[in-house]
Amino acid sequence: MRFRYFVSIVLIVFLAGCSSKDAVVISVKVKSPEKTTLFLSKIDFNKTIKLDSVRISAGESVKKFKVKQGEEPEFYSLSTSKGIAITLLASKGEKINVILDLNNAIDYQVSGSEGSEKVRWVTRTFAKSKTTVDELSKRYLNAESNSERELINNQFEQERKRVKDELTKFVWENPMNKASIMALYQKYNENLYIFDSSDDLLLIKMVATAWKALYPESSYTKGMLEDIKNIENRIANAKMQQLIQNAEMPIPDLSIPDRNGRNIKLSSLKGKVILLDFFTSENTASLLDNRELLEIYKKYKSRGFEVYQISFDATREGWINYIENAGLPWISVREDDPSASNAALFYNVKQLPANYLIGKDFNIIGKNLYGANLQKALDSYLNK
């Protein structure tokens, strides 16, 4: 997906401070339950660069970092060898003080840096939403009916809209602050960003344009402008393809390569009852749905039922390993770049797992059907 390179760290602090005009000095009062290593890294748009590290012992200690700083505010990551991380946003000349308890890193305190304080607000705002979404995901996993799943999905959409409205307000109020870039790149998982639709382009363009005016050579300026171009091209191409395909059939056709690189058209299955399924092996709910689907597939395959399953796995290797180990008997395909999926755009897929049940005449006859509900729909349609 766009924004694919920005390092989205759930616990974010930005440390900055300086003892000279062209430096940032970061003073960290850290409380740790055990010995560990504290790392300071600079976060560019498409990479993270380690700058310094220091050993810390159990208990409380104070450590300082001094970093040469240019005119552009910079994101820094303060992380430990145990995987805890916070992101900072520093401007030249700042002396940043951070109080960090590694037992509860999300409640870190920061002073001496306006940018870091704004980053802290973004971090805490999104972290609360992610906690809510994680809870909804657990409930979805244990849901016993399609109606319950739909209710949970509606709750998720409401939560997503709520936090998106908060972050949008923040961006409009802080278009010239680099913390707004971080706000635009928040995501619940690898495939689900807060800002992910064509409607969000205006906001993204506003921030990119502001940053270009200030820092035209910044990696963030170049990265965001490239992302915008890719989004516009993808939307334009998708709309054109959909217009062509809709002229020929009731729903958009797809042509996606399987594990052997052979393109499989969805329309090649016309005449069968098709489950168009969107999944990722990186999602527990998808894996559990696949277990149910295996039994359903065995039961209905001889009656003209077929599955066209599109993987959103981050890597091709991970996808192939999964389908081999799971022994999936149906059609399994994956786009070259699932993060910029045309299939998801065509079929308005906002979260995973998701599916459409398609009749023999290539019309949609059901949506997001699982387990007993899918079997009921198949029985109803096939027994006509």
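Select strands β13 (residues 273-279) and β14 (residues 305-311) in this predicted model. The two strands run parallel and are joined by seven bridges. To see one position of the pairing, show L275, which stands opposite V307 in β14. Now add helix α6 (residues 284-300): the chain passes from β13 through α6 to β14, and this β-α-β crossover is right-handed.

Stay on β14 and show its side chains. F305, V307, Q309 and S311 point one way, while E306, Y308 and I310 point the other way. Is β14 enclosed by the rest of the structure, or open? Seven of its seven residues are buried, so the strand is largely enclosed by the rest of the structure. That holds for the residues pointing either way from β14, as all are buried.

Next, select strand β15 (residues 331-334). β15 pairs with β14 in the parallel sense, over four bridges. Pick I310 in β14 and V333 in β15, which are bridge partners. The connection to show here is helix α7 (residues 316-326), through which the chain crosses from β14 to β15. This β-α-β crossover is also right-handed.

Go back to β13 and α6 for the internal space. How many cavities of 30 Å³ or more does the count give? The count comes to one. The largest cavity has a volume of about 60 Å³. To outline it, select L275, D277, D289, N290, E292, L293, I296, N355, L369, Y370, G371 and L374, which line it. The elements giving two or more residues to this lining are β13, α6 and α9 (371-382). Helix α6 supplies the largest share, five residues. L275 thus appears twice on this tour: it stands opposite V307 in β14, and it is among the residues lining the largest cavity.

Move on to the second largest pocket. About 340 Å³ of space lies in it. The lining has 18 residues, and those closest to the centre of the pocket are N153, Q351, A354, K367 and N368; select these to place it in the view. Then colour α2 (146-173) and β16 (354-358), each of which supplies at least two residues of the lining. Which element gives the largest share of this lining? That is α2, with five residues.

Now select S32, in strand β1 (residues 23-32). Is S32 buried or exposed? S32 has a relative accessible area of 5%, which is under the 20% limit, so it counts as buried. Leaving aside residues up to four places away in sequence, S32 touches I56, S57, A58, G59 and L102. Add E34 as well: its backbone oxygen lies 2.5 Å from a polar atom of the S32 side chain.

The last stop is E217, in the loop between α4 (201-214) and α5 (219-246). Its relative accessible area is 62%, above the 50% limit, so E217 is exposed. Show K222 next to it: a polar contact of 3.3 Å joins the side chains of E217 and K222. Finally, select E72 and draw a distance between the C-alpha atoms of E72 and E217. The separation is 10.0 Å, for two residues that are 145 residues apart along the chain. As a closing view, show S32 and E217 together: S32 is buried, whereas E217 is exposed.

Technical notes
Residues are numbered from 1 along each chain as its sequence is written. This is a predicted model: local features need pLDDT of at least 70, side-chain atom pairs count only at pLDDT 80 or more; totals for chains, interfaces and linings use all residues. Side-chain values use heavy atoms; hydrogens and water are left out. Buried means under 20% relative accessible area, exposed over 50%, partly exposed in between (1.4 Å probe, protein chains only). A polar contact is a pair of N or O atoms within 3.5 Å; within protein, one must be able to donate a hydrogen and the other to accept it, and residues adjacent in sequence count only if both atoms are side-chain atoms. Contact means heavy atoms within 4.5 Å. Two strands pair if DSSP finds at least two bridges between them. A crossover is right-handed if, with the strands pointing away from the viewer, the path from the first strand over the helix to the second runs clockwise. On a 1 Å grid over the protein atoms alone, a cavity is a set of points where a 1.4 Å probe fits but cannot get out, and a pocket is an open set with protein on both sides within 12 Å along at least five of seven lines; lining residues have an atom within 4 Å of a point. Grid points are joined across faces, edges and corners, and a volume is the space filled by probe spheres set on the points.
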